[in-house]
Amino acid sequence: MTLCLCHSGLEFDACCGRILNGAHAATPEALMRARVSAFIGGDMEFLERTLAPESKADFDRHAIEASMKGVEGLGFEVRDQEGGGEADQEGRLEYVARFKANGKPLAHHERAFFRRENGNWLYVDGEVNPKAAPRHVEKVGRNDPCSCGSGKKYKKCCGA
């Protein structure tokens, strides 16, 4: 049994192997896992075929071929996703793919965007190392009612 290159824990033929061989990816996550497996396995045709038409002009085959030499997959983690369901035409997936290249561990963190065309999910583009949305913190004054709901002033309750 050969485990899948995307580190799903599934057998390759039951996971990315079937998608790399022409089956439809059911979700953006399945497509991205297959793209990671294609990158590790050196399948340039799959990487190019699963790009949205407007993204193909930016596809640098030589640069990608150079970067995939000697790469070993270490893991694939989904951090967030939106859309990409059966009824959706678009989806977003934030993921971290971990690799080892030339003996050095690397992490590729991306928020990727997908679109469905003719029933197939396509990779549109992505934002590498996306920043988290800024946090808004509301400052509580010492004499304001405590936010825990005790009815006491903040300074006499949780601020003590």
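Which residues does R33 touch, not counting residues up to four places away in sequence? Let's start there. Quick reminder before I answer: this is a predicted model.

Okay, R33. You'll find R33 in helix α2, and the residues R33 touches are C6, H7, S8, C16 and F76, once we skip anything up to four places away in sequence. Is R33 buried or exposed? Its relative accessible area is 14%, and buried means under 20%, so R33 counts as buried.

Now compare that with a lysine further along, K156. K156 sits in the segment after β4, the strand that covers 120–128. Here the relative accessible area is 61%, and the cut-off for exposed is over 50%, so K156 is exposed. Here's another thing about K156. K156 and K104 are 52 residues apart along the chain, and their C-alpha atoms are separated by 53 Å.

Right, on to the strands. Take β2, residues 90–101, and β3, residues 104–117: these two pair in the antiparallel sense, over 12 bridges. If you want one pair to look for on your screen, V96 has H109 in β3 as its bridge partner. The two strands form a hairpin with two residues between them, and N102 in that turn has a positive phi of about 55°.

Then β3 pairs again, this time with β4. That pairing is antiparallel too, over eight bridges. The example to find here is F114, whose bridge partner in β4 is Y123. And once more we get a hairpin with two residues between the strands, where N118 in the turn has a positive phi of about 50°. While you have the strands up, keep in mind that in a regular strand the side chains alternate between the two faces of the sheet.

Next, the inside. How many residues does the largest nonpolar core have? It has 33, and the ones with the most contacts inside it are M32, L47 and F114. You've met F114 already, as the partner of Y123. Helices α1 (16–20), α2 and α3, plus strands β1 (71–83), β2, β3 and β4, each supply at least two residues of this core. The largest share, eight residues, comes from α2.

Let's zoom in on L47 for a second. Leaving aside neighbours within four places in sequence, L47 is in contact with R35, A38, F39, F59, I64 and M68. Hang on to R35, F39 and I64, since those names are about to come back.

So, pockets. The largest one has a volume of about 660 Å³. It's lined by 27 residues, and R35, F39, I64, H108 and E110 lie nearest its centre. There are the three names from the L47 list! The lining gets at least two residues each from α2 (28–41), α4 (61–67), β2, β3 and β4, with β4 giving the largest share, five residues. By type, the lining divides into 18 nonpolar, four polar and five charged residues.

The second largest pocket holds about 230 Å³ of space. Its lining has 13 residues, and H24, R49, T50, N120 and W121 lie nearest the centre. Both α3 (44–49) and β4 supply at least two residues of that lining. Which element gives the most to it? That's β4 again, with three residues. The split by type is seven nonpolar, four polar and two charged.

That's my tour. Any questions?

Conventions: Residues numbered from 1 in each chain as written. Predicted model: local features only at pLDDT ≥ 70, side-chain atom pairs only at ≥ 80, totals over all residues. Heavy atoms only, no water. Helix = DSSP H or I, 4+ residues; strand = E, 2+ residues; numbered from the N terminus. Buried < 20%, exposed > 50% of the residue type's maximum accessible area, 1.4 Å probe, protein only. Pairing = 2+ DSSP bridges. 1 Å grid on protein atoms, 1.4 Å probe; cavity = no way out; pocket = protein on both sides within 12 Å on 5 of 7 lines; lining within 4 Å. Points joined across faces, edges and corners; volume = space filled by probe spheres on them. Nonpolar A, V, L, I, M, F, W, Y, C, P; charged D, E, K, R; others polar. Core = buried A, V, L, I, M, F, W, Y, C linked by side-chain atoms within 4.5 Å. Contact = heavy atoms within 4.5 Å.
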